[in-house]
Amino acid sequence: MHVDDLSLIGTAHGIACLIALVAGAWNIVLRKGTSAHALAGTAYMLAMIVVNISVFAIYKFDIASFQPFKAGPNTFGLFHWFAVWTLGFLAIGWFSASRQARWPWAYLHPVMMVLSYYMLLAGGINEIFVRVDVFREMAIRSAGGSQQFGQSPLIGMVHTGWMALILLMVIWFVLRVLVWRWRGKRQSRPAMA
């Protein structure tokens with residue numbers, strides 16, 4: 001496992017990732033609307049803020065290194081933009097959490113939080129293939145010996161599977177909100193004589 005190049009910020013980033021991973025998974029399976037759900041959501045939110053803000057401090061970069069679609073050290077690139085998007089998902093999800101009785105917020109809260117969790121695990125998938133020797137070798141072999149991980153079909157398949165699972169989660173939560181809102185409207189109708 002390759003962790004010898006982690007700085008103090010990188011270590012804090014990794015610990016926050018693990019906290020967010022556990023709190024996010026816990027919140028996905030918890031009953032919604034409870035104090036436990038709110039507590040796990042707060043832990044997830046705080047950990048994700050640390051995760052995504054620390055991304056900007058892990059690499060040293062200057063404006064001359066700005067390359068928006070490049071990944072790698074010493075560039076403000078793709079992974080930094082993913083952090084910006086994730087912070088946006090978190091902001092919308094957090095803002096909508098207390099407003100779920102009204103139309104767009106009831107759908108936006110679960111969708112944005114699931115998308116932020118997708119981004120967390122997508123980064124985790126990349127880190128596993130970069131830092132764990134067994135998976136690193138598998139990725140290199142699947143790319144025909146290339147050290148360019150973007151060319152690895154194995155990593156692409158894992159990401160595709162994770163995207164499919166997230167899509168199913170989004171559909172599940174949207175359907176749950178639809179059913180919840182439909183039941184609420186049915187119960188609030190006056191009884192017919």
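This is a short walk through one protein chain, from its overall fold down to a few side-chain pairs.

Okay, so before anything else: what we have up here is a predicted model. Let's start with the layout. The protein chain has six helices and zero strands, and read from the N terminus the order is α-α-α-α-α-α. There are 193 residues, and 33% of them count as buried. If you take the contacts with a separation of 6 or more, 58% come from residues 24 or more positions apart. As for the outside, the accessible surface is about 12,300 Å², and carbon and sulfur atoms own 72% of that.

Now the inside. The largest nonpolar core has 30 residues, and the members that touch the most others are Tyr44, Leu120, Trp162 and Ile166. Which elements give two or more residues to this core? That would be H1 (8-29), H2 (35-58), H3 (78-97), H4 (103-131) and H6 (153-188). The top contributor is H4, which puts in 11 residues. To zoom in on one member, Ile166 touches Val114, Leu115 and Tyr118, once you leave out residues up to four places away in sequence.

On to the rings. I'll remind you that a pair of aromatic rings is described by how far apart the centres are and by the angle of the planes. The count here is seven aromatic pairs. Take Trp85 and Phe89: their ring centres are 6.1 Å apart with the planes at 50°, so that pair is tilted. Both sit in helix H3, and because they are four residues apart, about one helical turn separates them. Are these two buried or exposed? Trp85 is exposed, at 54% relative accessible area, while Phe89 counts as buried because its relative accessibility is 16%, and the cut-off is under 20%.

Tyr117 and Trp162 make another pair, this one edge-to-face, with 6.3 Å centre to centre and 65° between the planes. What I like here is the sequence distance: Tyr117 belongs to helix H4 and Trp162 to helix H6, 45 residues apart, and the pair links those distant parts of the chain. Tyr117 and Trp162 are both buried. They also belong to one aromatic cluster, together with Tyr44 and Tyr118. You've heard some of those names already: Tyr44 and Trp162 were among the core residues touching the most other members, and Tyr118 was one of the contacts of Ile166.

Charges next. In general, side chains of opposite charge can pair when their charged atoms come close. How many salt bridges turn up in a search of the whole structure? One. Arg131 and Glu127 meet through their side chains, 2.7 Å from N to O. The two lie in helix H4, four residues apart, about one turn of the helix. Their exposure is worth a look too. Arg131 counts as buried because it has 17% relative accessibility, again under the 20% cut-off. Glu127, at 40% relative accessible area, is partly exposed, since it falls between 20% and 50%.

Last stop, the surface. There's a nonpolar patch of about 560 Å², made by Leu165, Leu167, Leu168, Ile171, Leu175 and Leu178. Leu167, for one, is found in helix H6, and that helix is also among the elements feeding the core.

That's my tour, so over to you.

Technical notes:
Residues are numbered from 1 along each chain as its sequence is written. This is a predicted model: local features need pLDDT of at least 70, side-chain atom pairs count only at pLDDT 80 or more; totals for chains, interfaces and linings use all residues. Side-chain values use heavy atoms; hydrogens and water are left out. A nonpolar core is a set of buried Ala, Val, Leu, Ile, Met, Phe, Trp, Tyr and Cys residues joined through side-chain atoms within 4.5 Å. Buried means under 20% relative accessible area, exposed over 50%, partly exposed in between (1.4 Å probe, protein chains only). Contact means heavy atoms within 4.5 Å. Patches are made of residues with over 30% relative accessible area and no salt bridge: like charges are joined within 9 Å, nonpolar side chains (Val, Leu, Ile, Met, Phe, Trp, Tyr) within 5 Å. Accessible areas come from the Shrake-Rupley method with a 1.4 Å probe; for residues, only the protein chains shown count as cover. A salt bridge is a side-chain nitrogen of Lys or Arg within 4 Å of a carboxyl oxygen of Asp or Glu. Rings of Phe, Tyr and Trp (its six-membered ring) pair if their centres lie within 6.5 Å; planes under 30 degrees apart count as stacked, over 60 as edge-to-face and the rest as tilted.
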